[in-house]
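Here are two short exercises to work through with the model open on your screen. Try each task before reading its solution.

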Amino acid sequence: METGTIAFSIVMGIALIITGGLTFLVGKRKEYGLISGFSSRPEEEKRILMENGYVKAVERLLFLLFLLFAGVFMMGLLPVPFGLEISLAVFLLVVLGGAVRVQMYEVPWKRKRSLWITSILGVLVISGIGILTYFSVMENDVTVTETHLEISGMYGLEWDLENIDQVTIEEELPEVILKSNGFAAAGQLKGRFRLEEPYGPAHLFIHDQNEGPFLYVQKGEEGLWLSRETREEVEVLDEQLNIS
């Protein structure tokens, strides 16, 4: 099993345990003090919330989130195209939609304000993720000038050609150990990652991590891996950099 898969399994396993434990304590043991802000409310508000079905709505949402978390976990392990990305999107929509729905059971004098705040936050979160995803999947232009290697767009960089130590074409991408600051979805990798030894920290601009060829550029202790739509484009970049 790859290191990335092991790390994913550990993180998701812990998240499932926490979510499942919270669901059990609230749903079965009636530990309503675990619901955010519930224990600090006046007794009158607690009574009204119980009567309105607020607590039951929270219980249902927690149980649904636990099931969806399990689904995300399975999709992350199974070789289903876009399975993880779609399951995460569904999870996010259910979280935000469920949070809005729960506010409908709020005490009457707080209901409208809570609905507005939760709805606005939901729209902002979805919009922010959508914008970030859009710019992350945009193609990065690669330009080789007389003095520099330039990659435009999000996570772009600029390297002096005189500092480049090695340029080769590789058919396989080394195993990705950790994402430091970047974007990873559906085989696309963009940003800073840590690769298996001896490669270590590297900048990745990869269309599909399972489909080569890849251009590997080494500068000191840093590496750069990138792919293009066709092999010919990779070979042209390799020739330009080696001539320079």
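**Exercise 1: the cavity**

Find how many cavities of 30 Å³ or more the structure holds, then work out what lines the largest cavity.

*Solution.* Keep in mind that this is a predicted model.

Step 1. Start with the count: there is one cavity of 30 Å³ or more. The volume of the largest cavity is about 70 Å³.

Step 2. Next, list the lining. It consists of M138, E139, N140, Q188, L189, K190, F205, I206, H207 and R228.

Step 3. Now sort these residues by class: four are nonpolar, three are polar and three are charged.

Step 4. Finally, match the lining to the strands. At least two lining residues come from each of strand 6 (188-195) and strand 7 (200-206). Strand 6 contributes the most, with three residues.

**Exercise 2: a three-stranded sheet**

Take the open sheet of three strands and work out its strand order, its edges and the pairing of strand 1 with strand 2.

*Solution.*

Step 1. Trace the order of the open sheet: it runs 1-2-3, and the pairing is antiparallel.

Step 2. Look for strands that pair on one side only; these are the edge strands, strand 1 (142-144) and strand 3 (157-160). From one strand to the next, the twist averages 10°.

Step 3. Zoom in on strand 1 and strand 2 (residues 148-151), which are joined in the antiparallel sense over three bridges.

Step 4. Pick out a facing pair to check your view: V142 lies opposite I151 in strand 2.

Technical notes. Residues are numbered from 1 along each chain as its sequence is written. This is a predicted model: local features need pLDDT of at least 70, side-chain atom pairs count only at pLDDT 80 or more; totals for chains, interfaces and linings use all residues. Side-chain values use heavy atoms; hydrogens and water are left out. Two strands pair if DSSP finds at least two bridges between them. Helices (H or I, at least four residues) and strands (E, at least two) are DSSP runs, numbered from the N terminus. Axes are lines fitted to C-alpha atoms, for helices over the stretch in contact, and angles run from 0 to 180 degrees between N-to-C directions. On a 1 Å grid over the protein atoms alone, a cavity is a set of points where a 1.4 Å probe fits but cannot get out, and a pocket is an open set with protein on both sides within 12 Å along at least five of seven lines; lining residues have an atom within 4 Å of a point. Grid points are joined across faces, edges and corners, and a volume is the space filled by probe spheres set on the points. Ala, Val, Leu, Ile, Met, Phe, Trp, Tyr, Cys and Pro count as nonpolar, Asp, Glu, Lys and Arg as charged, and the others, Gly among them, as polar.
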